[in-house]
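Visitor: I should like to learn how side-chain pairings and helix ends are read from a model. May we go through them one feature at a time?

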Amino acid sequence: MSEGLKFVEENFGKEARPRTAWHIDPFGHSSEQAALFAKMGYDGFFFARIDYQDMIKRRAEKRMEMIWRGSPDNLGKESDIFTGVLFYHYSPPPGMCFDVRCGDDPIVDNPELFTYNLERK
C-alpha cells in the first residue's frame, strides 16, 4: 500500500493522495487494520460486511458511524479513525441512487430552480 501511495504522490501531487480507505469485501475486520489506516494518514475507513446481528443493532440505534480505536493499549488515540458501515451493503439508500441505471431524481439544492427538492430528499 505504501508503494501505491508513494506513486500517487510522486505522479499526481500530495493533493491527490486518498484520505479515505474502503474494504471492498473482507470477512472480518482486524483492529490493527484500523490502526494501520490511521497511522498512514487516512481520515476515514468504510466497509460493508459485518455480522447481520451487529448490522440490525447498529441500524436500529443509528450507530453506523463511529470512531474506531484500532489499538487502544499500544497506540491510544493515534490509532483512532472515523469508520462507517455502508447502510445497504453495496447499494445506496432508497432515493439516493444517481447511477444511470437508477430512476431516482438527483438532489437539487438551489431553491431558485423549479426542480428544487432538498426538503423532500
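Guide: Let us begin with Arg-58, which is buried, with a relative accessible area of 13%. Please bear in mind that this is a predicted model.

Visitor: With which residue does Arg-58 meet in a salt bridge?

Guide: In general terms, side chains of opposite charge can pair when their charged atoms come close. Here the partner of Arg-58 is Asp-54, with N to O at 3.1 Å. Asp-54 is partly exposed, at 28% relative accessibility. Both residues belong to helix H3, and because they are 4 residues apart there, about one helical turn separates them.

Visitor: How many salt bridges are there by this rule?

Guide: The count comes to 7 salt bridges. One of them joins Asp-43 and Arg-19, at 3.2 Å from N to O. This pair links distant parts of the chain, 24 residues apart: Asp-43 is in the loop between helix H2 (31–39) and strand S2 (44–47), and Arg-19 is in the loop between helix H1 (2–12) and strand S1 (20–23). Asp-43 has a relative accessible area of 46% and is partly exposed; Arg-19, at 41%, also counts as partly exposed.

Visitor: Which residues are linked in a network of salt bridges?

Guide: Lys-57, Glu-61 and Arg-63 are linked in this way. Within the network, the closest N and O atoms of Glu-61 and Arg-63 are 2.7 Å apart. Glu-61 is partly exposed, with a relative accessible area of 38%, and Arg-63 is partly exposed at 36%.

Visitor: Which residue caps the N-terminal end of helix H3?

Guide: Asp-51 does so for H3, which covers residues 52–61. A side-chain oxygen of Asp-51 lies 3.0 Å from the backbone nitrogen of Gln-53. Beyond the helix, H3 is followed by Lys-62, whose phi is positive, near 55 degrees.

Visitor: Finally, which cysteines does a disulfide join?

Guide: A disulfide is a covalent bond between the sulfur atoms of two cysteines. In this model the count comes to 1 disulfide, and the residues concerned are Cys-97 and Cys-102, with an S to S distance of 1.8 Å. That distance meets the criterion because a disulfide is assigned to cysteine sulfur atoms within 2.5 Å.

Visitor: Is Cys-97 buried or exposed?

Guide: Cys-97 counts as buried, at 14% relative accessibility; the cut-off for that class is under 20%. Its partner Cys-102 is partly exposed, with a relative accessible area of 29%.

Methods
Residues numbered from 1 in each chain as written. Predicted model: local features only at pLDDT ≥ 70, side-chain atom pairs only at ≥ 80, totals over all residues. Heavy atoms only, no water. Buried < 20%, exposed > 50% of the residue type's maximum accessible area, 1.4 Å probe, protein only. Polar contact = N/O pair within 3.5 Å; in protein donor to acceptor, adjacent residues only side chain to side chain. Helix = DSSP H or I, 4+ residues; strand = E, 2+ residues; numbered from the N terminus. Salt bridge = Lys/Arg side-chain N within 4 Å of Asp/Glu carboxyl O.
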